[in-house]
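Biologist: Could you walk me through this model, one question at a time? I would like the cut-offs along the way.

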Amino acid sequence: MKEKTLRKASLSVALAMSLALTACGNSGSNGNDPDTANGDTPANANAANDGAASGSKDPFGPLPEKTTLTVLKADPDSTPKDLGLPEGDTVLKNRYVQALSDKMNIDVQFPVVVKGSAIGDKTNLMIASNDITDVMLVSYTQYQQMIKADMLEDLTQVYRDYASPALKGVLQTDGGKAMNLATVDGKLYGIPTMGTLHNSDPLVWLRKDWLDKLSLQPPKTIDELNAILKAFIEKDPDGDGKKDTIGMPGAQTFTGQWASTYGFDPVFDYYKSYVKNWIKGPDGTVQYGSIQPQTKDALKKLSEMYAEGLVPKDFPVLKNEQANELVISGKAGAFFGPWWSGWSPLNDAIKNDPTADWQAYALKDADGVARAKQETPIGTIAVLKKGFKHPEALVKVVNYEYQVTLDDPADAGGDPYAGLVLPNWQTLPIALALWRADSVILDHTGILAASKGEALPDVPEATAVNYKTMGAFWAKGIDWLRKNPDNYGEPISRIIGVNPIIENDIEPVYSEFYSTTKTMQRKMTNLNKLEEDAMIKIITGEKPVDYFDDFVSQWKKQGGDEITQEVNEALKQ
């Protein structure tokens, strides 16, 4: 499933993210991941997007003099061949580096190279010692620290003047959310990446052939879903004469800041319990979602499901790989998962049973609205050391990299890897994983249009080619896809997986706060453990549902109240 070419990035980005989530077996972060953002800034504070670029400023033109640009580089744990590089090219010396020198007068150098797994610690050390390279890729928390320490160059004007139309366009595909968060006191100090909208919306995946056999309708509510799970357990839906099927697989990572495969997030979302997110309370202040009354309601329902045997008794210790096996082996005809589940686990499941008809559905809450927590809207940010003589250099490099990998290379003077497989994005001199935030819906629309021979969305040529390829597969029908499992995962994910997101108009839910306060740094790890232990005890029946009130009291006393105060104070600044 690994892509070597960024030509397909608008199609493959969500897959790449999903693979990372699956590999970690974790929805990722709690509400205080240091790689995240700090609430919304008013749209009019997005200074870098105000006004049009000056016509005399060439986004791809050379600097007036040869300029050295030093970059902290993460060296991927992969060989050049695995990264799609031709013989002779490396992460540090390749055609991108040469092209920037030849076309833009920018001599990119890498004085500090760190193995990818250690890059976070090295970045922290360099910031703490104020010994940084010209360009660094940092988290949102690090970004805030560097702004407060007056370490960063103000890019507001050079972004206005030099950012290419394609770069400005892609950074608005999330409605400007990442750029708003990156704009501090009206100034832009870095170029951010974005989260992918709807990438982790939790869906209910069910075997439609089992529903049909048992004369059941797709669920609209939690209670209807539970009736289906009970029937899957008791009524031998696989027809083997054995009581060997289960209800809903679960895993030890049962909830997070956003949803993951096998997490119980659809149940929490159904009760409007946005755990591990900071939400606005009835009094207008921002409160921690995990301690709200709605969370108690969700835990009550999950404890009932557990008591009825609808979820595995050992879910608190099950890893995602073990839950995968329940689906792949045919023991489970239901699971909670995002739109990209067609790749994993369903691609392997269909190889085991080509007759399985997997469909995705969304549950609506008591108000009749489908809602879902979203990924962090801002990710890695490219920043420039204060005082750099030609600050437009950073903008020009990002322009170039985006243009030759994700847009029309001709606008940037051509693709240095023309005729070859385009290398992995980690080989870019400034490896900024920058792609459309709206790709989930866009790619669904494009593939459907291609399958019907209709006009495609305005996308780069290579993306359009992928739409046509996937559209041709989809046009062959689901029966063909089941018989050709190597072609099953992407069209099933992008059509069947995305259908319920569109049909139910799932409403995105964002946290009000994504950064880290001082007390969080000292106490949040213990508070997270307190939270997860309490939830497991309530779900498994070790403690009654009212134990939730004791947990909330402990959470507040052990630092939660202090953190809540810090969060609200930070949002007022």
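The questions and answers below go from the domains to single residues.

Biologist: Happy to start with the basics: what kind of model is this, and where does the residue numbering begin?

Modeller: This is a predicted model, in which local features need pLDDT of at least 70 and side-chain atom pairs count only at pLDDT 80 or more, while totals for chains, interfaces and linings use all residues. Side-chain values use heavy atoms, with hydrogens and water left out, and residues are numbered along each chain as its sequence is written, from 1.

Biologist: Thanks! How far apart do the C-alpha centres of domain 1 and domain 2 lie?

Modeller: The domain bounds come from an automatic or database domain assignment. Domain 1 covers 67-196 + 377-427, and domain 2 covers 203-373 + 505-571. Between their C-alpha centres the distance is 36 Å.

Biologist: And which three residues supply 71% of the area that domain 1 buries against domain 2?

Modeller: Buried area is the accessible area (1.4 Å probe) that two parts lose on being put together, summed over both. For domain 1 and domain 2 that area is about 400 Å², with 62% given by carbon and sulfur atoms. The 71% share on the side of domain 1, more than any other three residues give, comes from Thr141, Lys177 and Pro377.

Biologist: How many residue pairs are in polar contact across the interface of domain 1 and domain 2?

Modeller: Let's take salt bridges first: the rule asks for a side-chain nitrogen of Lys or Arg within 4 Å of a carboxyl oxygen of Asp or Glu, and across this interface it finds zero. A polar contact is a pair of N or O atoms within 3.5 Å; within protein, one must be able to donate a hydrogen and the other to accept it, and residues adjacent in sequence count only if both atoms are side-chain atoms. With both residues at pLDDT 80 or more, the number of such pairs across the interface is one.

Biologist: Which helix gives the most to the side of domain 1 that touches domain 2?

Modeller: Helices (H or I, at least four residues) and strands (E, at least two) are DSSP runs, numbered from the N terminus. The helix that gives the most to this side, with three residues, spans residues 140-148 and is H4.

Biologist: Lovely. Against which elements do the buried residues of H2 pack?

Modeller: Buried means under 20% relative accessible area, exposed over 50%, and partly exposed in between (1.4 Å probe, protein chains only). In helix H2 (residues 95-104) the buried residues are Tyr96, Val97, Ala99, Leu100, Ser101 and Met104. Taking contact as heavy atoms within 4.5 Å, they pack against strand S2 (106-115) and helix H14 (392-406).

Biologist: What residue follows H2, with a positive phi?

Modeller: At the other end, where H2 starts, a side-chain oxygen of Asn94 comes to within 3.0 Å of the backbone nitrogen of Tyr96. After H2 the phi is positive, near 65°, and the residue is Asn105.

Biologist: Is Thr405 buried or exposed?

Modeller: Thr405 is part of helix H14, and a polar atom of its side chain lies 2.6 Å from the backbone oxygen of Glu401. Because its relative accessibility is 3%, Thr405 counts as buried.

Biologist: How many residues apart in sequence are Lys523 and Gly559?

Modeller: Lys523 sits in helix H20 (residues 518-539). Leaving aside residues up to four places away in sequence, Lys523 touches Gln558, Gly559 and Glu562. The C-alpha atoms of Lys523 and Gly559 are 6.5 Å apart in space, while their separation in sequence, in residues, is 36.

Biologist: Which residues are linked with Lys301 in a network of salt bridges?

Modeller: The side chains of Glu304 and Lys301 form a salt bridge (3.3 Å, N to O), and both residues lie in helix H11 (residues 293-307), three residues apart, about one turn of the helix. An α-helix has 3.6 residues a turn, so residues three or four places apart point the same way. At 29% relative accessibility Glu304 is partly exposed, whereas Lys301 at 11% is buried. The network links Lys301 with Asp223, Lys300 and Glu304.

Biologist: Last one: how many salt bridges does the structure hold?

Modeller: Among them, Arg436 and Asp438 meet at 2.8 Å, N to O, and in the salt bridge of Asp561 with Lys556 the closest N and O atoms are 3.5 Å apart. Asp561 is partly exposed because its relative accessible area is 41%. For the whole structure, the number of salt bridges is 29.
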